[in-house]
Structure formats: structure tokens, C-alpha cells
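Hi,

Here is the structure I promised to pass on. Have a look at it first, and then read my notes below.

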Amino acid sequence: MLRAAKSSATVFLKAMQMNIWMGGSKVEGAVGMIADEVIHSGADVVFLNELSDYKGENFILHMVKVLKQRGYTFYGTETSLSVGILTRYPIEEQQIVCTPGKGSNGAVVRVQLSVAGRKVAAYATHLDYRHYACYMPRGYNGSTWKKMDAPVTDEATVLEMNRKAYREETITDFLQKVQPDIEQGYIVLLGGDFNEPSHLDWQEDTKNLWEHNGAVINWDCSRLLYEGGFKDAYRVVYPNPVTHPGFTFPAGNQAVPVKQLTWAPEADERDRIDFIYYYPTTFITPEKAWVVGPAYSVVKSEINKEKGRDRFLRPKGGWPTDHKAVMVSFKVKSDPNTCEKTTSGKFGKTGSAVFNTKYFEKLSASKIKGKIE
């Protein structure tokens, strides 16, 4: 009987990341479409980017009302940032973690929830769109958006431009400030539009695809997160970027002229720049993943259907944005002991969270030097 009382049940937690394109202002009826897709997806936690007030009301608070009118209860709290989180679980606390810094409009917000007896720290981020260096191998300048004389494929040169956006500094701040959540054994999720690809998608196996033009790039933000122990949930479910590229930008949205969707009109600019990361423990496992949105992308100013093996959750109606969303279903083992810690501060059989102290000491030293080594 005691064993039965302490056995762990399994629940599923769906998280979705969506850039809503300038506050839902670019597609007619977009705000209603966003609400419809939140419901249609079945997501429990929704990370939203590019927020702005809607008719004088905070976007998150407005979405809570709209969803309530449709018969669904979601929780959300107002912030001054362009990022926010909607959740089916009551929000226990919310805080601004990173504010836009020098030269950057990147930001991070955190909410805390309880799911299956475990604390969940969910972070939403939106990193700077400028100095979009993944255009350089494709022959476009990522700052002026103009076509260059020739592609630039040297990794050091590409990363030099990339770092002018200070995206890696925002991720460095996040990695330092998430430490207490990891040490306490919380489920930690990070969702956002990074405006930067993943190093997992720009290696030898893809260097001759999608106009990478032979470039192999170890992009900063994904590399830092992996060095800090985080995992890219989509890539855990689908580790092969050739068969499952998971492109989230630019979406083939036929509700607007294609010229509004492309920044490099003569290139194949497809990339996966929207992500859901998680900190691995024994009690959370990504089980399924979807690209949410149209199965079409913009390629050289034309809208073409994707030919890969990605799993799509197609829109219920119209699509509200120039990005596709990404959604991951996590299997979560409930904690029969409500995450009781041992006196050593580590976790027993219900789960383990190993924190890389030396890595964060390195991050702090790098930040003092003003660079990532």
C-alpha cells in the first residue's frame, strides 16, 4: 500500500512557441486566429513573442479574455516586455529576468507553475532581429538586408556579425539566473524566437543544403545552452535536420503578399529559429513534436510546400504570422513526495538535476571580459 501511494503517475505537458508578428497586426483577424490556434493546439504553456498592446489593452490580458469568451480558461500576467506566457495552470509568480540590454532588444520573462506536484519554471524570450548573420552564407547582408557580391561562409566572420546583436549576452544572463531553478529540481523550459539558427542545423550534413553554401556554423545561443546542459526539444525528438528540418521562418502565409514575408528575396532563407529548450531530468521527456502552421515556406520569393518529414499541425483556419510555431509534448512523471529534497540538496529516486557549477563560473568570467570565449 505504501508503494502504491508513492508511485508516480504520468501526465503530458504541451508547450508551444509562437511569434505573433508585430502584435498580431499584420494579418487581418490575426488576434482571433491566435486564440483559435492556442485552443486548436491543445497547448498547456504558450510562449508568445512580438507582443504589443491591442486596442489599448495589454496583449496577454486581452488574450485571457478572448480565450475565456471561447470557453477556455488560461492564465497570464501583464509585463512591459514584448514577450509573455499563457498557461492552463495558475501562475504562482512572474518576474522579468532579462531586460533589453546595450544594443539589444532581447528580453526574458519567467513564470512559475505547478504541474503534477512539480514546480515548473517557464521562460519566454525574444532575441534581437538585427545582424541576422545566417543570411551571409546566402549572399545577403544581415544588417542592411541587401544582396552582397558573394556569399560569406567563413565561420569567424559570420559569428563576428552575429555577436553585434548581443543575443549571446541575453542567453548568458539567462543561464546564470536560471541556476536556482535547476538547483531546486524544477522543470525548466525556455521558449522563444531566437532570430538565430541552431548549431545542430548547420553542420557537415547540411552544409550543402538550403544555400548554406558549404558553411558550418556553431551558432552562439544554441551552443551556450547545450554547454549549460539544456536540450533542444525538437532535435531530441527529431535528431536528423536533413529529414526533419523543422523550419519556422519564413512561413508560407498566403494571406499576405509574399514580399512581406521575405527579407532575402533571391535566396532560400529557410531556417529553424523558434525553439523550445528544456533542462533534462529523469522526470521529463519530450515525446512528440510538431511544426504548427502551414506546411508551406517561402523559397526565393515563391511559396512552396515542404518536402521533409516534419510533423505538421496545420492551422484550423487562417494563419496569423510570418513564422510557424513549434510545439512539443513532454511526458512528466508526477512527484508523489511533492519534490522533497534531501538534506544534501540533491534529488533522490524521483529525479535528478545535475548543475554544472564550473560552466557557470566560466560564463561569469566571460561576461566580465565582455565576450563569450
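**Helix α8 and what surrounds it**

Helix α8 (residues 220–227) is largely enclosed by the rest of the structure, because six of its eight residues are buried. Those buried residues are D220, C221, S222, R223, L224 and L225. Before you go further, please keep in mind that this is a predicted model.

As for its surroundings, α8 lies across β7, β8 and β9 (274–278), and its run makes about 10 degrees with β9. After the helix comes G229, which has a positive phi, near 100 degrees.

**The sheet under α8**

The strands that α8 lies across, β7, β8 and β9, belong to an open sheet of six strands with mixed pairing, in the order β4-β5-β6-β7-β9-β8. At its edges stand β4 (93–98) and β8 (231–232); each has a single partner strand, so one side of each is left without a neighbour in the sheet.

Another helix to look for here is α6 (residues 167–177), which packs on this sheet and touches β4, β5, β6 and β7 (187–193). The direction of α6 makes about 135 degrees with that of β4.

Within the sheet, β5 (residues 107–115) and β6 (residues 118–126) are antiparallel and pair over nine bridges. If you want one pair to find on screen, take L113, whose bridge partner in β6 is V120.

**The other six-stranded sheet**

There is also an open sheet with the order β3-β2-β1-β14-β10-β13, again six strands and again mixed in its pairing. Its edge strands are β3 (83–87) and β13 (312–313), each of which pairs on one side only.

β1 and β2 (residues 45–49) run parallel to one another and pair over five bridges. Here A15 stands opposite V45 of β2.

Two helices go with this sheet. Helix α3 (residues 30–41) lies across β1, β2, β10 (284–292), β13 and β14 (325–333), at about 155 degrees to β1. Helix α4 (residues 59–69) packs on the sheet too, touching β2 and β3, and its direction makes about 25 degrees with that of β3.

**N19, a residue to click on**

N19 sits in strand β1 (residues 10–19). Is N19 buried or exposed? Its relative accessibility is 0%, so N19 counts as buried.

What does N19 touch, leaving out residues up to four places away in sequence? The list is N49, E50, H126, D193, D274, T321, D322 and H323. For a sense of how the chain folds back, N19 and T248 are 229 residues apart in sequence, while their C-alpha atoms are 9.7 Å apart in space.

**The largest pocket**

The largest pocket has a volume of about 430 Å³. Its lining has 20 residues, and E50, Y129, N195, W263 and D322 are those that lie nearest its centre. Two of these names will be familiar, since E50 and D322 are also among the contacts of N19. Sorted by class, the pocket lining has nine nonpolar, seven polar and four charged residues.

**Cavities, and H212**

How many cavities of 30 Å³ or more does the structure hold? There are two cavities of that kind, and the largest has a volume of about 50 Å³.

Lining the largest cavity are D201, W202, W210, H212, R235, P241, P245, F247, D271 and R272. By class, that makes five nonpolar, one polar and four charged residues.

From that lining I picked out H212, which lies in the loop between β7 and α8. H212 counts as buried because its relative accessibility is 0%. Apart from neighbours within four places in sequence, H212 is in contact with P137, R138, T153, D201, W202, T206 and K207. Of these, D201 and W202 also line the largest cavity.

**A hairpin to finish**

Strands β11 (residues 296–299) and β12 (residues 302–305) pair in the antiparallel sense over four bridges. Here S297 has N304 of β12 as its bridge partner. The hairpin has two residues between its strands, and K300 takes a positive phi near 55 degrees.

Over to you now!

Terms used: Residues numbered from 1 in each chain as written. Predicted model: local features only at pLDDT ≥ 70, side-chain atom pairs only at ≥ 80, totals over all residues. Heavy atoms only, no water. 1 Å grid on protein atoms, 1.4 Å probe; cavity = no way out; pocket = protein on both sides within 12 Å on 5 of 7 lines; lining within 4 Å. Points joined across faces, edges and corners; volume = space filled by probe spheres on them. Nonpolar A, V, L, I, M, F, W, Y, C, P; charged D, E, K, R; others polar. Buried < 20%, exposed > 50% of the residue type's maximum accessible area, 1.4 Å probe, protein only. Pairing = 2+ DSSP bridges. Contact = heavy atoms within 4.5 Å. Axes fitted to C-alpha atoms, helices over the stretch in contact; angles between N-to-C directions.
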